[in-house]
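Q: Please take a close look at a single part of this structure, and set out what can be said about that part in one connected account.

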Amino acid sequence: MQNYIDKIKEIAERLLQECKVEMVFGFRKGSVPMMNEPFFAKTAEDVQQLVWDSNCGINLANYLTDRKEKIAVLAKGCDSRNIVTHIIENKIKRDQLVVVGIPCKGMIDKRKITSLSEGEITAVTEDENNIIVKGNGFEKTLNKLEVLQQNCAVCIHRNPVAYDELAADLVAEQTDVDRYADVREIEAMAPAEKWNYFDDLLSTCIRCYACRNACPLCYCPTCFVDESKPQWVGKSQEAIDIRTFHFLRAYHCAGRCTDCGACERACPVGINMRVFTKKLEKDSLELFKWEAGMSLDNRPPLDTYKPNDPDDFIR
């Protein structure tokens, strides 16, 4: 990881000194382990705080919406696909950005690591293959592959799809993963079983909207849950209101989600709401041969029309 950090700092410092950008969006160490925080470097001194490791899971595309400055942004595979989506949807212009591509082998899941530890974690370090966890009275070495975020474990677009500079050599893409095994399991359930599955899934939701706030696609000036005229969804903790929020938010991401995992990562109660967007991602791929954010030249299937579009849903 040190090679990544050195190259990131070199690129960032050069871009700022040559006045090619006004700021560099990256990460610095957070105040607690496994919680690196977004950081805007504006000077050569700021650049020294930039870091990169397996705790940089926050999607920095979330901070680009409607910006006016000239910006350099660090972008792993999923981030770069969201940046492409932002450009297609006119939320930022391509010539405003210098995209520093970060080939990525996955981000670690802090919940998995916490569950495998015997007490409070005080430090987490890593090498190429392992995560070393230290705490009060214990130290444990974990295989990195076993504690990846689930979206990273099944990712087949680890390399950035659009970039101006690279911070490291491109990595090998995964070809032996089944991205939609969990979706097919749910599809195979009987209706009553599906109802119970989603009832259980959402039973712990506290409607904090962390998933919405972390999602780079949720940039509407007024979210539908905040509308009062008309009021689309109630404000209660009733199950129907919670389901309505999650189902409608997922549909707003249809054909746009890159499975970056920001929603699940941000959820304070650990709800895997990715099952909603993964189903829609699977349908977009099977029906329209579409994966979000892979090209600046093509419009998403839900804002275009072709005479040969699938219409089997029409009754």
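A: Helices (H or I, at least four residues) and strands (E, at least two) are DSSP runs, numbered from the N terminus. The part chosen here is helix H1, residues 2-17, in a predicted model where local features need pLDDT of at least 70, side-chain atom pairs count only at pLDDT 80 or more, and totals for chains, interfaces and linings use all residues. Residues are numbered from 1 along each chain as its sequence is written, and side-chain values use heavy atoms, without hydrogens or water.

H1 has 16 residues and reaches 22 Å from its first C-alpha to its last, close to the 22 Å expected at 1.5 Å a residue (1.5 Å times one less than the number of residues). Along H1, the residues that are buried (under 20% relative accessible area, 1.4 Å probe, protein chains only) are Tyr4, Ile5, Ile8, Lys9, Ile11, Ala12, Leu15 and Leu16. Their cover includes strand S1 (23-28), strand S2 (37-41), helix H2 (44-47), strand S3 (71-75), strand S4 (97-101) and strand S8 (165-166). Just after H1, Cys19 takes a positive phi of about 60 degrees.

H1 also gives the most to the lining of the largest pocket, namely 3 residues (a pocket is an open set of 1 Å grid points where a 1.4 Å probe fits, with protein on both sides within 12 Å along at least five of seven lines; lining residues have an atom within 4 Å of a point). That lining has 21 residues, and those nearest the centre of the pocket are Met1, Lys105, Asp127, Glu128 and Lys144.

Methods
Buried < 20%, exposed > 50% of the residue type's maximum accessible area, 1.4 Å probe, protein only. Contact = heavy atoms within 4.5 Å.
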